[in-house]
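Me: Please take a close look at the pockets in this model for me. I'd like to know what lines them, with a bit of context on the chain as a whole.

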Amino acid sequence: MGLLTDVIGQALDVLGIQEVPKELCMPEFCSLQIDYLSPCVNLSRAAARRPAAGRGFAHRRSVLALPSASARSRAIEGGVSCCGMANGYMGGPVPAHGKSSGPGSAAPEAGLGIQEFLGGKNFLVTGGTGFLAKVLIEKILRTNPDVGKIYVVIKAKDSEAALQRLRNEVVDTELFRCLQEIHGKDYHSFVAAKLVPVVGDVREANIGIAPELADEIAERVDIIVNSAANTTFDERYDVAMDINTVGPFRIMSFAHRFRRLKLFLQVSTAYVNGQTQGVVLEKPFRLGDTIRKDSSDSSEQHKNPMLDIEAEIKLAFDSRRHSDDSASFSQEMKDLGLERAKLHGWQDTYVFTKAMGEMVINSMRGEIPVVTIRPSVIESTWRDPFPGWMEGNRMMDPVVLYYGKGQLSGFLADPYGVLDVVPADMVVNATLAAMAKHGRPSEASEGTTMKQKQWVYHVASSTVNPLVFGDLSRLLFQHFTRSPYSDAAGQPIAVPPMRLFDTMDQFASYVETDALVRSAAARAGPAGERLSQRLQELCAKSVEQTIHLGCIYQPYTFYPGRFDNGNTEALMAEMTAEEKARFHFDVRSIDWTDYITNVHIPGLRKHVMKGRGLAADASTVLAASV
């Protein structure tokens with residue numbers, strides 16, 4: 001295999017990005033320089049030794065101040081109080097909704113010491129304005145107010161814009177209302193002392209951080225959390241590669257400058273395991289791993305191709321070099337990503353580039369301990385800081401919303417298949433537990449070889465508490481029958497039982513027939529003739545979008561694997577009873593009927609739909625449907 005970093009250097013050059021920091025270009029780390037290639041770390045050698053640390057800082061950088069503002073009082077719907085209000089910063093006992101906690105082994109007396117571990121620690125968090133990162137930041141601040149600085153990397157044109165995004169998208173959001181209530185009038189001064197907005201971009205060398213601040217971060221940070229990602233399933237190959245594969249390279253390159261780094265934590269996805277069948281184990285990738293099984297066709301043309309990350313990066317960025325920025329070229333790049341992913345056994349561009357990102361991190365980490373958190377489908381919070389918080393449409397939510405609005409009464413899914421869902425707060429709690437276990441020098445060094453300094457945790461439900469699609473469809477029907485959406489005229493929308501289709505042909509036929517029926521009904525109205533052409537265009541577009549949604553989701557709604565979570569359960573077994581209550585991530589305890597009906601869908605309607613479309617009670621719907 002050639003030098004991966006040469007190709008990454010070429011990609012950076014194509015993008016007009018400066019070369020990798022000189023600290024890493026010592027003779028033992030430099031790779032060949034060919035024509036326009038930027039000198040950078042030779043990953044195949046970098047794993048063997050760690051470069052000298054970057055220079056220290058001479059002064060303490062002042063934190064950008066957040067302007068004070070009076071705390072807004074917010075009513076908590078349904079009498080649900082913020083987790084932690086009654087018991088200090090930490091949540092009290094596990095709430096009523098849910099099942100009893102497993103696994104059976106008694107918790108050790110010492111536990112992981114999660115709360116104590118966070119004290120005085122400094123963090124660098126990429127993707128800091130993203131859904132999961134915000135839940136993580138909030139939990140850290142609420143868990144231990146003596147935490148050090150949290151440097152939040154934010155894509156912005158300057159520090160003022162970064163501060164504005166931090167304020168609008170993090171500090172003053174509904175998610176942080178518990179912290180606001182805890183600190184009262186001192187809230188803004190508290191977060192100003194803890195959160196440092198950092199102008200940065202994982203698509204740039206040193207992740208785009210200004211040199212002076214980069215030096216400070218390299219001197220002070222204990223834990224790196226990389227949660228930056230492009231999560232679009234069918235993204236352009238060059239765009240997904242730049243963020244999900246080359247991005248981790250840049251962050252790990254920066255990490256080698258850190259003087260006191262204890263842990264690099266990569267937030268990934270359980271679906272990096274591709275179309276693996278059966279039980280999927282928690283194990284790290286090696287550079288060049290591929291998932292595609294050997295074909296029964298033994299001809300040379302159909303032999304299992306090796307995954308050459310260098311070649312994939314070169315392919316993506318060479319194509320970009322000849323870009324004409326047209327819509328057709330953009331589609332070609334999307335098609336290229338899906339083609340390359342499926343060639344090697346992954347279902348889409350997102351998980352393929354994320355898997356290659358894991359490989360890059362593991363190959364160049366040297367002596368840096370690495371924890372990879374692989375959650376399945378992350379949805380709304382189960383209880384912490386309060387039930388049902390979410391942001392944006394998560395994976396299953398477009399289907400839920402279309403169904404509730406009467407726009408989609410069926411979908412492409414195996415009725416006996418499993419949708420592997422996990423609440424966001426459980427992912428965060430497992431992440432903090434893994435940090436505490438592996439972020440201590442004693443854990444990282446004593447009796448642990450360099451090869452062993454990488455750990456993988458699946459935070460998933462499919463093996464121990466599966467949510468079956470047939471059950472989910474019934475829960476959706478029951479919920480929207482009892483609590484329907486309303487249409488533009490304020491009338492409740494009646495929904496039929498959701499149909500699940502086994503094949504794409506069946507689903508496509510259903511979508512096209514449904515569109516024709518709706519179009520005919522609309523044309524029969526008083527404005528039918530005038531709207532006829534426009535309706536035909538809208539119906540055609542709707543059909544195309546719905547079938548595309550089915551195609552993109554099909555690998556997940558017919559997923560053949562079940563994610564083993566043995567490492568995650570073993571981590572939980574090391575926790576004390578108090579820690580299990582405060583940092584709960586036992587997916588066995590989730591009652592799916594309660595979670596979907598009373599937590600997730602109400603959260604979706606409140607935080608994503610902002611209360612739009614709420615209708616009258618079920619009796620009105622039944623009357624309207626007769």
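Reply: Accessible areas here come from the Shrake-Rupley method with a 1.4 Å probe, and for residues only the protein chains shown count as cover. On that basis the protein chain exposes about 25800 Å², with carbon and sulfur atoms supplying 51% of it. Keep in mind that this is a predicted model: local features need pLDDT of at least 70 and side-chain atom pairs count only at pLDDT 80 or more, while totals for chains, interfaces and linings use all residues. Numbering runs from 1 along each chain as its sequence is written, and side-chain values use heavy atoms, with hydrogens and water left out.

The chain has 22 helices and 13 strands (DSSP runs numbered from the N terminus: H or I over at least four residues, E over at least two). Of its 626 residues, 56% are buried (under 20% relative accessible area, 1.4 Å probe, protein chains only).

Now the pockets. A pocket is an open set of points on a 1 Å grid over the protein atoms alone, where a 1.4 Å probe fits and protein lies on both sides within 12 Å along at least five of seven lines; lining residues have an atom within 4 Å of a point. The largest pocket holds about 1400 Å³ (the space filled by probe spheres set on the points, which are joined across faces, edges and corners). It's lined by 48 residues, and closest to its centre sit Ala-229, Asn-230, Thr-231, Thr-232 and Arg-394. Elements giving two or more residues to that lining are helix 4 (131-143), strand 2 (150-154), helix 12 (349-364), strand 8 (377-379) and helix 18 (528-557). Helix 18 has the largest share, at six residues. By class, the lining splits into 23 nonpolar, 15 polar and 10 charged residues (Ala, Val, Leu, Ile, Met, Phe, Trp, Tyr, Cys and Pro are nonpolar, Asp, Glu, Lys and Arg charged, the others, Gly among them, polar).

Helix 18 turns up again in the second largest pocket, giving the most to its lining with nine residues. This pocket has about 590 Å³ of space. Its lining runs to 20 residues, with Gln-407, Arg-518, Leu-538, Ser-542 and Thr-546 nearest the centre. Besides helix 18, helix 13 (397-404) and helix 17 (504-523) each put in two or more residues. The class tally for this lining is 12 nonpolar, five polar and three charged.

Key
Buried means under 20% relative accessible area, exposed over 50%, partly exposed in between (1.4 Å probe, protein chains only).
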